[in-house]
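The following paragraphs offer a guided reading of one protein model. Please keep the sequence and the structure in view while reading.

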Amino acid sequence: EEAWVKLRDEAGVQDTFLTHEVYEDEITLHLVAEACKLLGVKPEVVLRQFGEYFFEFCKRSGYHHMLRTLGGNLSEFTENLDEMNAPSFRVERNPDGTMLLHYYSDRRGLCHIVPGIIGAVAKDFFNSEITMEIVNQLEELERTGKKEHVVFLVNICIFTFVCINKYLQHLFCYTGKSLKNFEPVYPMKLKIDLQTFCHAFPFHVVFDEQLVVHQAGVNLQRTVPGLQIVNIHLDEYFSIVHPEVTFTISSIRKFINSHFVMQTRREMMPEAWKGRPMLQLRGQMIWMPSLRCMLYQASPLLRSLQELEEMHMHISDIAPHDVTRDLILLNHQRLAEMELSSQLERKKEELRILSQHLEEEKRKTENLLYAMLPKHVANQLKEGKKVDAGEFKECTILFSDVVTFTNICAMCEPIQIVHMLNSMYLQFDRLTTVHNVYKVETIGDAYMVVGGVPIPVSSHAERVANFALGMIIAAKEVINPITGGPIQIRVGLHSGPVLAGVVGEKMPRYCLFGDTVNTASRMESHGLPNKIHLSPTVYQALKNKCFVIQKRGEIEVKGKGSMTTYFLERNTGVSEQQIMGLCDLEATDGEDSRCTPKKISANYTQWDFHSQDEWSSVPVELMWQQVVIPYK
C-alpha cells in the first residue's frame with residue numbers, strides 16, 4: 001500500500017481506477033516509468049509482471065472458463081485469442097515444436113505484456129513453462145492502422161506428464177475406438193439446391209481471387225442490393241474492419257484462422273438507408289481450392305436489441321440455427337448487468353471520496369476540540385464518559401492582564417479592542433506551543449496558563465517562566481490604539497497544588513480550582529507594568545537555575561497578608577529569539593542544561609527531565625501530547 005501511494009504520487013495519477021472505464025495509454029506508460037525508477041528494474045520486467053497479473057485479474061473477474069475453452073493446447077489457444085476484442089495474433093508452427101507468434105497492435109510500447117500473459121496461460125492451463133524472445137520488430141506495411149508488428153519465438157521448455165496425458169485422452173479413446181485414423185465420408189453429390197442454401201445461410205457470400213461476387217445470401221442481398229449486380233467486386237461495397245488487412249485474397253489467406261469483420265461502405269448504400277448505422281458482418285473465411293473461391297460464412301454483428309432496431313432488422317432476419325439470436329438477447333441482459341455494476345463501482349468510488357472528506361472534516365473537528373480541552377479529556381467526553389477531577393500536587397499558574405485596559409476600552413471602538421486582543425493572543429497562543437504549557441482560558445484581557453497540568457512534569461516552573469519572558473517580548477509588538485505605542489502587561493506566577501476537572505456540559509471547560517489559582521491572580525494584580533511577579537514558591541523553584549531574579553521585598557497581598565515577592569528579569573541560558581521559538585533551543589557548553597528547552601520540531605519544544613524516574617510517574621492516560629527527551 002505504501003509503495004502504491006508513493007508510485008501514485010510520483011506519477012501524478014488518481015488513487016483508484018474503475019473496471020469498466022477506458023484510460024489513456026499514457027497513464028499506463030507513465031506508471032510503468034515511475035515503477036521502474038522506484039523498483040530499479042527495466043520496463044520489460046514491469047510489463048511482463050503486469051501481463052501475469054492481468055491474466056489472474058481476468059480469471060477472478062469470471063473469464064476463466066471462457067479463456068480455458070479457447071484451445072486444447074497453447075498453439076490453438078493463441079490462434080483463437082484473435083477471436084477476442086484484443087490486439088491481433090497470428091501463429092506459425094515450426095517443425096521443431098516451437099512457434100512464431102505475430103503480435104499486431106496500434107498501441108506502441110506494450111508488447112512486453114504479451115510474454116507475461118502467454119506465460120501465465122501456459123503454466124495455468126497447460127502445465128507448461130515457456131520462453132519467449134523477440135526475433136523481429138517492425139512496421140507492418142500490409143495492415144492499415146496497426147503500427148507495431150512484433151514477432152515472438154515461443155519455445156515450450158517443460159511439457160509435463162499431466163499435459164501429455166490430457167493430450168492423449170483427447171487424441172485416443174473415443175467410445176473405445178481410436179480416432180487417429182478417422183477419415184470423414186463425403187457424399188458423391190451435394191444434396192442441396194442453391195435457393196435452399198442461400199436461405200439457410202442468408203448472410204454468406206462467395207467471391208473469387210479477383211474479389212468478384214458469385215453468390216450471396218438472400219438477406220445480405222436485401223440489405224446490400226448492389227450485390228445482385230453481375231460481376232460486382234466485393235471491395236466496392238465492403239471494407240475489412242478486422243483484422244486490419246488490405247482487401248486482397250493473399251492478405252485474407254494469411255489470416256485465414258482469424259475471424260473477419262466486414263462493414264458496408266456508406267457511399268454505396270441506397271439513399272434512403274444512409275442515415276442508418278452501417279451493417280457489420282462477423283464470420284469465417286473458408287478457402288475452396290477446387291473452385292479457387294473464398295466462402296465468407298457470416299452473421300450480422302449485433303450486440304443488443306437497440307442495434308437490431310437501428311438497423312431496421314428483426315430477429316426473424318437471422319437464421320434459426322444462428323446463435324446470434326441468443327447472443328443478442330443474452331448480451332442485452334449482460335449490458336444491463338454491466339451498467340448496474342458500473343454504477344455500483346462509481347457509487348463505491350464516490351463513497352470512498354466522501355469517506356475521505358468525512359475523515360478530513362472529523363480531523364478538523366477533533367483539532368478544534370483538542371484546542372479547547374486536553375486530548376484525553378476530549379476523548380472521554382466523546383465516548384460519553386464522566387471525567388473525574390484530578391489532583392495535581394505541583395504546578396505553576398500564570399495570570400496576565402493589560403495595564404489600563406479599562407481606559408483603553410472607554411476611549412476606543414469595540415473593533416479596535418478586538419483587533420488588539422486578537423493580535424496579542426495569537427502570539428501568546430503560539431508561545432504555549434513553543435514552551436509546552438496549557439492555556440486554561442482568557443477572560444477579557446486576562447490570560448491564564450498552567451505548567452504541569454494536565455501532564456505532571458517537574459519542569460513546570462521553568463516552562464511557565466520562559467513563557468512569561470516570551471509574553472513580555474511579544475507584548476512589545478502589540479500596538480496600543482490610544483497612545484500608538486506598545487501595550488504594557490502585568491504577569492504573575494505562583495506554584496502549588498490544584499484540583500482540575502471539566503465543568504458543565506454545554507461548552508465545557510477544563511478548569512483549575514484551589515488557593516494556588518487565587519494566589520497567582522494576586523501576583524498578577526499586585527504586579528507592575530512589564531514585570532513578571534513571582535511568589536516565594538516560584539522563586540524557590542527557579543533560584544538555582546539560570547534565571548536572573550530581583551527581590552522586590554515584602555508587600556501586602558489582599559487576602560494573603562505580608563509576602564516576600566520577586567521579579568523575573570531574564571533567562572541567561574537562552575536568547576530572546578530562542579525564547580520566542582524563532583530558532584532551535586539548545587544548551588550552551590558550560591551552562592546548566594536543566595533550564596534549557598530543546599527543539600523537537602518547528603515551533604514545538606520539550607523540556608528536559610531531571611531523571612528518568614520523573615517520566616515514569618506520569619499516568620499513562622495523560623500521555624496525550626508528550627514527547628520525551630530524557631535528561632543526559
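A convenient place to begin is Thr 565, which is found in strand E18, residues 561–571. The model is a predicted one, and within it Thr 565 has a relative accessibility of 0%. Residues under 20% count as buried. Thr 565 therefore counts as buried. Its side chain makes a polar contact with the side chain of His 533, at 2.8 Å. When neighbours within four places in sequence are left aside, Thr 565 is in contact with Met 523, His 533, Leu 534, Lys 551, Arg 552, Gly 553 and Ile 555.

From this single residue one may turn to the whole protein. It has 19 helices and 20 strands. Of its 632 residues, 42% count as buried. Among contacts between residues at least 6 apart in sequence, 57% join residues that are at least 24 apart.

Several of the strands can be followed in an open sheet. This sheet has 6 strands, paired antiparallel in the order E6-E5-E10-E9-E8-E7. Strand E6 (213–216) and strand E7 (238–242) are the edge strands, each pairing on one side only. From one strand to the next, the twist averages 30°. Within the sheet, strand E9 (residues 280–288) and strand E10 (residues 293–300) run antiparallel and are joined by 8 bridges. Leu 281 stands opposite Pro 300 in E10.

The loop between E9 and E10 holds Arg 292. The phi of Arg 292 is near 55°, a positive value in a residue other than glycine. With 39% relative accessibility, Arg 292 counts as partly exposed. Beyond edge strand E7, the loop that leads to helix H9 (249–254) contains Pro 243. The peptide bond from His 242 to Pro 243 is cis, with omega near -10°.

A second antiparallel pair is formed by strand E12 (residues 438–443) and strand E13 (residues 446–451), which 5 bridges join. Here the bridge partner of Tyr 438 is Val 450 in E13. The hairpin of E12 and E13 has 2 residues between the strands, and in this hairpin Gly 444 takes a positive phi near 65°. The loop between E13 and helix H15 (460–475) includes Pro 454. A cis peptide bond, with omega near 5°, runs from Val 453 to Pro 454.

The helices also deserve attention. The axes of helix H2 (residues 25–39) and helix H3 (residues 43–68) come within 9 Å and cross at roughly 115°. The crossing of H2 and H3 is right-handed. On H2 the contact is made by Val 32, Ala 35 and Cys 36, and on H3 by Pro 43, Val 46 and Leu 47. By class, this contact of H2 with H3 has 6 nonpolar residues, with no polar and no charged ones.

Further along the chain is helix H11 (residues 324–372), in which Arg 334 is found. Arg 334 counts as partly exposed, at 37% relative accessibility. Arg 334 and Ser 304 are 30 residues apart in sequence, while their C-alpha atoms are 9.6 Å apart in space. In the loop between helix H10 (305–310) and H11 lies His 312. The phi of His 312 is near 55°, again a positive value in a residue other than glycine. Because residues over 50% relative accessible area are exposed, His 312 counts as exposed at 52%.

How values were computed: Residues numbered from 1 in each chain as written. Predicted model: local features only at pLDDT ≥ 70, side-chain atom pairs only at ≥ 80, totals over all residues. Heavy atoms only, no water. Pairing = 2+ DSSP bridges. Helix = DSSP H or I, 4+ residues; strand = E, 2+ residues; numbered from the N terminus. Axes fitted to C-alpha atoms, helices over the stretch in contact; angles between N-to-C directions. Left-handed = near helix turned anticlockwise from the far one by under 90°. Contact = heavy atoms within 4.5 Å. Nonpolar A, V, L, I, M, F, W, Y, C, P; charged D, E, K, R; others polar. Buried < 20%, exposed > 50% of the residue type's maximum accessible area, 1.4 Å probe, protein only. Polar contact = N/O pair within 3.5 Å; in protein donor to acceptor, adjacent residues only side chain to side chain.
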